[in-house]
Amino acid sequence: MTIQIRKGKRATEPQCLGSQRSLNSEDLLFPNQTGDSKAAVYFQLSNGRFRPPPAHRLIAHHIVDTIAPIFFRVSRTMWLPLRLTLLLLFLLLSPRALLRSGSAAVVSGEEEEFHEELLLKPLPDRKVLAHFHFHSIAPPSKSNGRHHHLFPKAISQLVQKFRVKEMELSFTQGRWNYERWGGFDPISSNNAKPPGVELWAVFDVPEDQVDAYWKNLTNSLSGLFCASINFLESSTMYSAPKWSFRITPGRLRYGTLPREAVCTENLTPWLKLLPCRDKAGLAALLDRPSIYKGFYHSQRLYLTSNASVPAETVSGISLEQTLTVVLQPNSPSSSSIHSGESNFQPSWSLSSIFGRKISGKCVLAQSSIVYLQLEKSIFSEQKDNMDNGPNSLASEGFAGGSGFEMSLDPDIVIEEENQSQHKGSSVLYGFWVEKYNESQPFDLGLKWKYPVFWSSRQAPLHASRFLMGSGNERGAIAILFKSANSADSSSGSRHVSDGCELQVDVFQVVPWYIKVYYHSLQIFVDDEAKPIGDFVHKIQVSPSKDKTSPGMMEMLLKLPCDVRSAALTLEFDKGFLHIDEYPPDANQGYDIPSAVISFPSFHSVMHLLSNDSIRKSPLLSRFQEKNRVQSYTEVLLVPLTTPDFSMPYNVITITCTVFALFFGSLLNVLRRRVGEEERYLKAGKKKGWLRVLLSRLLAKLRGKPMEEPDQPSSESAPLIGKKLVLKVILVAVLAVAWQFYST
Amino acid sequence: MAEIAESPSTTEHPLGTVGASRSKASSSALRESDVDPKTMRTTTPGLKRLFLTFSVLLSFLLGFPFLWKTVEIYRSPLPFGDMDALSKQIESSPLQFPCHFQSVFLNFDSRSSGGILDPRELRSSILSEMTKLTSQTLERQCGSCGENFTLSVVVDSGDRACRQSDERHGNGLTPNCSYKCGALGALNLGDGEAVDEALRSALDESCSDYGGKLYTVVVVNGDGAGEGPKALVGKHRHGWISGRELDAEAMIGRMAEMFVKIFMNGGREDGAIHGEFMPVGADGRVVLSFSLLNANPDDWFYDWDFQKLDDTLLNPVIEALKPIANISVESQVLYHTPKSSFSYWDESLGSYIFSTKDLPFFVNSNEWHLDTSVAAGGRTKILQFVVYVPSANECPLSLQLPSGEISKTNGFISPMWGGVMVWNPQSCIKYSGSGPPARLLMHPDDLHRIFEVLMGQLRQLFGLKSDSIYVGAADVLSRQHTCFNLHSSGTTLGSLSRLVQSLPRMIIKDEIGKQVKFSLEAAQLAQTNASVGLYEASAASSRQARSLAEDAFFHPSIMSVSYFSFEHCFAVYSPFFLPVSLHVLLAALREWRRYKQEKAKYVRWKVKQVKAA
C-alpha cells in the first residue's frame, strides 16, 4: 500500500512543484492523484489537448506502445466526425421515458451540511482581521461513506483510508502578532499558526501502525494540497508529543515544515473542498492578490471524525476550513496617518479590503453569516466621552451617535457575557448574507468618527525565542516569557498571592542536526538563575538520534503569578550533515520549528448569551468551546557550516594533478640519460642565460663549483637574453595592467 | 623534458652509458676513429629504458579494463531475449482459449425429422458451419476460442434413446460434466426464467472449471413455445432454441451462430471498442465514480439518492462483473461546473445544441473536480460517469449527431476515461422566487433512466454489446481481460527491454530484475493455464504479470536518470589520466623512436665493419 501511495505522489509531484506560482493555478491541478500515468494521458486526449504531459516524457516509449493505436486515431481523425474516437451511445429509449417529467421533491432529513461564515474584526494597529470559517458536516451513514452530496469526497476517503480521528493542517504565511492582535481570544489560540505547514493527526489504529499511516497520510495530503507535505514522511521530521501539545493522548503525530512557501496553489485545492469553491458565497471574496498582500495569512483544515463506531458504518466527519487573514485597509485618508492623526482607525469596506463584494450566499450553505466583532472597550470609551446612557450597545453602535458607523444594519447583535471583568469582552454584529443578491451586493463598511484606542486581550505571558552565541560550532536556544500584564497586574483571574501558580506548557521539537544538551537547561526567573526543580514541574525529553528522529522536549512549568520574566536556555552543538542531506540553498540556514507554548489553566472562551442563532452557527459554537490559550514562538534560523559543494571536484582535480606530476616526473627520471644530457649540455651552443642561471643555482645548492661554459656561447647569449627579458617584462606589465583594470 | 634524441657529438665519449664495456670488446675490428658518431654506433642500443616505458604503457593498457569495470554502474542482468520473445509471441499469436460446446437436441423424434438423427453427422455439420463463421468474422481475435474448440452432440429423444457423438473423451472433460440423458424433463417453454433455471440445474456447471468452460445450446422441440423457432440465452453458460416442429437440419446454422457469436465472441460485433482497452486496473480493480454536476446551482440544483440506486440496480451488475474486476462505487455531487465547450440555440430543434465536434472540449478539467479517488490505489482504474445538469441559459441542452438528429441518450463515452450524459430538467424555467433556490431531488424514474444510459455506457466501455451482462459474456470478458493483460505485460516488457538496452548507463536494480523475472514467469503460467482452459487462474496470473511488468517499468530508479553519467566519469578521471597518459605515450613513442634510430646506427656500423673485414 505504501508503495502505491508513493507512486501516486511521485506522479503528481512534478505537476505541483513545477508549477509556476501564477495566480491562476487551477489548470495545474487537474489529474490530482492519478498514479496511473496512462489515465492522465487519456484524459488529455479526451479533452482534445494533445500536448503530452511533460512529466511523462520519459515513459513516452511505453505509452506509445500501449496507446499508439488510439493516439493516432484520435489525432488523425480529430477533424473528422468523432465516431471512431468518442463512441456515441445510441441506446434506444422508450418515448415514455423521454417524455416523463423530472418531477422533483425538496430534500429534507439527515443530510450533509455546509455552513459559511466570515468574521471581521478591526485590530488595534489599524489592520483588519478577516476570518473565514467554512464548516462541512457528513453525518454517520450506512452507505459506507461512498456517496456524497456536499461533503468533499477526497476528505472522506482520506479519513476512511487512513483511519484519521482528528487532523489539523495549516498553511501559514507571516507571523501572528500576539502583542497587538491579541493572544487570548479563540482566534489567536486556534488560528494563529506557525509559518509554513503544520500538520498533526490522531489515528485510530494500533500504536505500531501509526507511523505507517502517518507516512501514507502525508503523501496523500501532499498530492491533495500540492505542497511538499510528503517531506514530513521522514522520521526526522515528525514527533509524537505525549501531553504538552494536545490533551488528546495516544496516537498523535506532529510535524512542521517551517520553510514551506504558501501560495495560491495551496489555496486552490483547499477551495476545491468547498461545494461552491470561490464561485459564490463568502469565498468569492478571496481575491488572490489582496489576500496574499496581507500581513498574515493562514489557511487551515481541521477535521474530526467520531471513529469509535464500528468499521461497517462509517463515522460522521466534521470538516472545518478556516482562512485567517490580516489585511491593511488602504483608506483614502491614509496620508493623514503621518500627519498627527495616526490614532484614527482607517475606515474600510469589504470592497476596499478585498476588491470584491459578496453577491449572495452560496446556495448550498445552510447558513451564511458575516460577523463584525468590536471590542466593548470602545463603547465604554464612548460612554465616557459622550456621557450617554448605557442602555443599548446595539443602537448606540450604528445609530450614529457613537464613534463609528456601519453602512448596513446588522440583523443580530450578540454581546459577550463576561461578568468578571470589562476588558476583553466584545460585541458581535451579525449580517445574514442571504438577503443580498447580485443586484444588491453585500458590502459592509465601517467608518470611524473619532479616534479610538483599545488593546487586545493578551495571553498571561508573552513568549519569544531567540538564539544565543555565535560561530558555526555551538549556540544556545533561549525562550523568554514576559508577563503581559505587567502594567495592569490586577487583571487575570488570579490575584497575586503566594500560593498562586501560573502553568506553562512548552513543547519544542528540534531537528537532529541541532544537538541540544538537555542537561544544560537553565532557568532564570526575574533575571535570576534558579534551580530547575523549583519551577519545572514535569519534563519529558526524547533526545534526537542522528538521522533518525528529532529531539523533542515537553515541559510543564509552574511559575509564580507575579513573575515579570522567565527565561529558559538550552545549549546546543551544531552537527554536520552528509553532503546529500543539504537542502538547496543551504547557506540560508536551518529552521528550528516554532515551540508551542500553552497555558493549561487559561481557556479562551467567549461567553455569549445563548441564543438559537448562536447554537446554529458553527463559528460561534467554536468560539464557545473551551480551548487552552496557546501561542507559537518564532521560527529560529540557525546557520550551519555548509561546505563548498564544488569541493569534491576541486579536490579530485588537485590530487589528480599532483599525482600526474609525480608520475610524469618519475617516468622521466627513469628513462633519462643523465650522462648523455650532460655531454649535450657541455657542448650546447644554444644554451640560454636562464638555463645557465638555473644550472648555477643548482650547483650552488649542491655545493659544487660550477663548470663555466664556453666563452663563445656566453657571448652569443646576451643578445637573446635581452630580447627575452624585454618580452618577459612586457608580459608582466600586461598581466599587471589586466589585473588592475579588470577588478 | 630535454631534447636528447640527438646522438652524442663528442669523440671523448662516443658511447652511451649503456653497454660501454661491451662496446670495447666488440669494436676490435674497426678502429674507433672510423666511427662517425652521428650515423653509427659500435654498441647494441640498450633495451632497459624501452622495456621500462613499454611495461608502464602496457600496465596502463591492462589496467584500463579493470578501471572500466570498477566505474561500471550496476545493472541487474535482464533476460532481454525472453522479454523480446514474449512480446513478439504475444504480438504474433494471440492467446486462444479452449472452449467446449455441447449441443443437445431434446425431444427430437426420429419420425418427425424424417429419419434417425445421427449425432456424428450433426456434429460434423455444425462444426463445418462454425468454422465457416469463425473464418469470416474473426481475424484471430485475442481472447477468443479461435479454432481451439470441441463439440459434442447429444440427441435425447425422450425416454427411448439417447445418442451421443463419441468425442467426449478427447476434450478433457470428465464424463459427468456433460449432459446426462434424461436430465431435462418437461420444460415449460413459455417461461424463460423457469427454463433457465431448469437448464442450470440439469447442466451441472460446477465442473466446467477444469479444461475450459462448457457451453451448451439446447434445442427443444416441444409445445408451449411460440410458433417460430425462438433463440434465447440464459443467465449462465447456456442457451436454448425452442419451437414447435423444429427441423434439426435447419437448427444447425442457428446453433453454430449462437456458439460463435455469443459464447465465443460475447455478442459483440466489429466496430465496438477494441478488446485491448479493457478498463480494468492492473490490480484487477475498477472504481466507478459517479458525479452529478450542477452547472450553475444559482439557477437550480439537483441531488440524487444514489444510495438506493447503488443498492438496487448497480449491485447486480457489479456482481456479474466480479470475475473480471473488483468494482467499487462512489458518487458525489458537484456544483458550479460549467462545461467548457459552447452550445448554440437551434430554433427548429427547440434546444441548445452541442455537436459531436465539441465533444473533446466538453469535459472541463479546470472546473470539474471529479477527483481521482484517494481510496483507489495507484493501479486501480477509475471510470468517471458524469451526469451534467445544464444551467438555465443553456437548457435544454442536446447533443446533435453528425446526421443532424438529436441523440436519444444525450451522452457520449470516452474510452478508458468514462462517460458523460447531459440530463435536462423538466422545465428550463429559471427559479425566480425570493431567496436562494431549494435543493431538488431527482425523481426515481429520472434516476432510473439516467442509470440505464450510464449502464449502457459502462457496457460500451467494457466492450459488451448485449443488453444484460450474463455469465457467458462475463466469460468472454474474462478471456479478453486475460488476453489484454498479457498483451500489456508483453508490450511493457518489450519496451522496457528496448529502453534498457538503449540507455547503457542506466542503473538497473536487482528489484527490477526480479520483477521482470516474476512477470515473465507469471506470463508463462497464464499462457499455460489458458491453453489448458483454467480461466480464473489464467486471469489471475496474467494480472500479476501485468502489474509486475508495470512495477518494473515504473520503478522509481528507472524514472530518475542515472547521476553517474559518462560526463561525470570523464570529469573525475581526466585530471589524472589525461596528463599521465600523455607522459606515458610520449615516453614510449620517444623511446621507440630512439631505439630504432640507434639500432639503425648500430646496423650501419656493423655493415661497415663487415665491409671492412
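**Exercise 1. The surface and interior of chain A**

Work out how much area chain A exposes and what share of it carbon and sulfur atoms supply.

*Solution.* Start with the surface: in this predicted model, chain A exposes about 34,400 Å². Next, sort that area by atom type: carbon and sulfur atoms supply 57% of it. Then turn to the interior, where buried residues make up 52% of the 743 residues in chain A. Now add the secondary structure, which comes to 20 helices and 27 strands. Finally, look at the contacts with a separation of 6 or more: residues 24 or more positions apart account for 76% of them.

**Exercise 2. One serine in chain A**

Find the strand that holds A:Ser239, then decide whether this serine is buried or exposed.

*Solution.* First, locate A:Ser239 in strand 6 (residues 238-239) of chain A. Second, check its relative accessible area, which is 8%. Buried means under 20%, so A:Ser239 is buried. Third, list its contacts, leaving aside neighbours within four places in sequence: among them are A:Leu252, A:Arg253, A:Tyr254, A:Phe507 and A:Met552.

**Exercise 3. The faces of a helix in chain B**

Identify the buried residues of helix 3 of chain B, and explain why they line one face of the helix.

*Solution.* Begin with the span: helix 3 (residues 80-92) of chain B has 13 residues and reaches 18 Å from its first C-alpha to its last, close to the 18 Å expected. Its buried residues are B:Met83, B:Leu86, B:Ser87 and B:Ile90. Looking down the axis of helix 3 of chain B, you find these buried residues within an arc of 90 degrees, so they line one face. To finish, turn to the face pointing away from the buried side, which carries the exposed residues B:Lys88 and B:Ser92.

How values were computed:
Residues are numbered from 1 along each chain as its sequence is written. Chains are lettered from A and ligands numbered from 1 in the order in which they are written. This is a predicted model: local features need pLDDT of at least 70, side-chain atom pairs count only at pLDDT 80 or more; totals for chains, interfaces and linings use all residues. Side-chain values use heavy atoms; hydrogens and water are left out. Helices (H or I, at least four residues) and strands (E, at least two) are DSSP runs, numbered from the N terminus. The expected span of a helix is 1.5 Å times one less than its number of residues. Buried means under 20% relative accessible area, exposed over 50%, partly exposed in between (1.4 Å probe, protein chains only). The arc is that of the directions from the helix axis to the C-beta atoms. Contact means heavy atoms within 4.5 Å. Accessible areas come from the Shrake-Rupley method with a 1.4 Å probe; for residues, only the protein chains shown count as cover.
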